[in-house]
Amino acid sequence: FSLCFAADGRRSAASAESRLPALVALNHKTLTKCAVASSYRAEEVPIDVLRQREAKWLEMLNHWDKWMAKKHKKVKDRCQKGIPPSLRGRAWLYLTGGKVKREQNQGKFQELDEQPGDPKWVDIIERDLHRQFPFHEMFAARGGHGQQDLFRVLKAYTLHRPEEGYCQAQAPVAAVLLMHMPAEDAFWALVQICEKYLPGYYSTGLEAIQLDGQILHALLRRVSLPAYRHLNKHKLDPIMYMTEWFMCAFSRSLPWASVLRIWDMFLCEGVKIIFRVGLVLLKCMLGSQEKLKACQGTYETMERLRAIPPQYVQEAFLVREVIELPVNEKEIEKEHYAQLRRWKETHGDLQCKSPPRMHGAKAIIAADPPRRQDLRQKPTIIVASPLARDGVNGREGEGGGGGGRAGVPAPADPDGSADGTALLRHIAESEESLSNGEEDTYL
């Protein structure tokens with residue numbers, strides 16, 4: 001896919017008079033690219049390694065506040081290795097702070113869900129539903145459960161933030177979240193991404209994304225001088241090539257295995273990961289005189305950035321390059337203030353008054369320390385566990401005691417440490433991975 005945002009800020013509009021609509025171009029070349037990208041297979045993780053990672057993540061989720069306060073580096077390292085698929089949705093919800101927001105706003109999503117919504121946004125959202133991952137079985141059927149949940153989440157956000165409404169680039173972000181968690185969780189994770197990770201990205205005029213484009217270009221000078229000079233020579237504004245990358249958090253631009261790994265790091269470490277991915281891609285495509293021989297003009301350069309060779313977006317290569325790239329939060333913020341001063345000189349004050357950006361999970365939890373009960377795990381899907389012991393199955397279906405999964409010794413209860421230890425022992429001794437058996441991946 002290719003999002004072509006209109007000149008007034010490249011934003012989905014309520015009317016032709018107020019804002020130009022965002023155009024979605026779907027062509028044969030892009031379909032071919034998506035088909036090739038979808039053929040990439042995720043790196044194979046040995047089953048015993050995956051079991052160990054799952055057990056470690058369950059332990060972290062059981063004591064999330066302590067791990068974030070005292071062992072954040074270990075959490076970051078484990079996110080860089082890749083969150084186990086069976087626990088990815090739950091981990092994302094905790095990393096974004098969506099779990100705490102949900103608990104602090106009990107019943108809020110249901111209240112928004114029951115409201116009809118503003119007709120101008122409802123109409124635009126409905127027209128966009130079939131464009132989100134149309135080859136994924138969850139969203140393939142018109143009016144299917146995936147499209148219904150996507151509509152609910154996006155409509156609820158327009159009611160939650162009526163001053164922002166709906167932006168087309170929010171749809172793929174919400175869709176990725178829905179592939180891993182129920183609608184209410186996806187809504188709160190989306191709220192956190194829009195308000196804490198990428199504030200202002202989806203507001204009228206999209207000034208924040210334009211500002212970040214200038215930050216990206218300035219950082220490129222340090223990372224790859226040939227690429228920086230080439231883009232300057234051809235007067236390629238960053239908004240021309242990085243809008244879809246940043247606004248969709250690369251969910252439309254990378255192979256699926258790479259998307260998941262990038263999101264694991266992005267939701268842990270913040271927007272610096274998005275900047276690093278953009279810088280790595282620009283360096284790989286335009287970082288030497290040899291590579292620039294094929295980019296003699298603006299058109300050739302744009303085509304090169306639209307058709308990145310597989311070796312540069314492959315999971316292992318891309319993750320390694322992103323981790324090793326020396327760009328941190330301080331450098332981004334320093335450049336942010338520099339570009340903000342230039343913006344005021346040329347454009348005046350920003351029209352969008354967005355909250356300050358939070359650089360990842362640690363900053364989010366530090367800004368709003370959660371209560372212990374807000375972090376209690378309450379699984380939405382309750383199934384019988386293949387690890388259940390004799391005499392436990394009789395409780396199947398009760399769902400009591402803090403929402404523990406039937407037949408499982410309540411791994412979600414942080415106060416039930418003995419039961420949590422028993423579960424970890426079961427995992428370590430089991431012949432099956434949680435990804436293949438016990439855990440409830442929401443797909």
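What follows is a chat between a colleague and a modeller about this predicted model.

Colleague: Before we start, what kind of model is this, and which pLDDT do local features need?
Modeller: Residues are numbered from 1 along each chain as its sequence is written, and side-chain values use heavy atoms, with hydrogens and water left out. It's a predicted model where totals for chains, interfaces and linings use all residues, side-chain atom pairs count only at pLDDT 80 or more, and local features need pLDDT of at least 70.

Colleague: How many helices and strands does the protein have?
Modeller: Both are DSSP runs numbered from the N terminus: helices are H or I with at least four residues, strands are E with at least two. On that basis the protein has 23 helices and 2 strands.

Colleague: What share of the 443 residues is buried?
Modeller: Buried means under 20% relative accessible area with a 1.4 Å probe, protein chains only; exposed is over 50%, and partly exposed is in between. Of the 443 residues, the buried share is 55%.

Colleague: Which helix gives the most to the largest nonpolar core?
Modeller: Such a core is a set of buried Ala, Val, Leu, Ile, Met, Phe, Trp, Tyr and Cys residues joined through side-chain atoms within 4.5 Å. The largest one has 119 residues, and W64, W92, L95, L177 and W263 have the most contacts inside it. One helix has 14 of its 15 residues buried, and it gives the core 11 residues: α16 (residues 272–286).

Colleague: Is α9 mostly enclosed or open, and how many of its 16 residues are buried?
Modeller: Helix α9 (residues 145–160) reaches 22 Å from its first C-alpha to its last, close to the 22 Å expected at 1.5 Å a residue (1.5 Å times one less than the number of residues). Its buried residues include F151, L154 and Y157, and its cover includes α7, α8 (119–128), α10 (170–178) and α11. It is largely enclosed by the rest of the structure, because the buried count is 12 of the 16.

Colleague: How far apart in sequence are the parts that F109 and F187 tie together?
Modeller: Phe, Tyr and Trp rings (the six-membered one for Trp) pair if their centres lie within 6.5 Å; planes under 30 degrees apart are stacked, over 60 edge-to-face, and the rest tilted. The structure holds 12 such aromatic pairs, and F109 with F187 is a tilted one, 5.4 Å centre to centre with 40° between the planes. Both residues are buried. F109 lies in α7 (residues 108–114) and F187 in α11 (residues 183–197), so the parts they tie together are apart in sequence by 78 residues.

Colleague: Which ring does the charged end of K71 sit over?
Modeller: The test is NZ of Lys or CZ of Arg within 6 Å of the ring centre and within 35 degrees of the ring normal. For K71 the distance to the centre is 4.7 Å, and the ring belongs to W67.

Colleague: G360 sits in a loop; which residues is it in contact with?
Modeller: That loop runs between α21 (329–347) and α22 (361–367), and G360 counts as buried because its relative accessibility is 0%. Contact means heavy atoms within 4.5 Å. Leaving aside neighbours within four places in sequence, the partners of G360 are Y197, C268, E269 and G270.

Colleague: And Q80, which residues does it touch?
Modeller: Q80 is in helix α4 (residues 72–81) and counts as buried at 16% relative accessibility. Not counting residues up to four places away in sequence, Q80 touches R261, M265, E269, V319 and I323.
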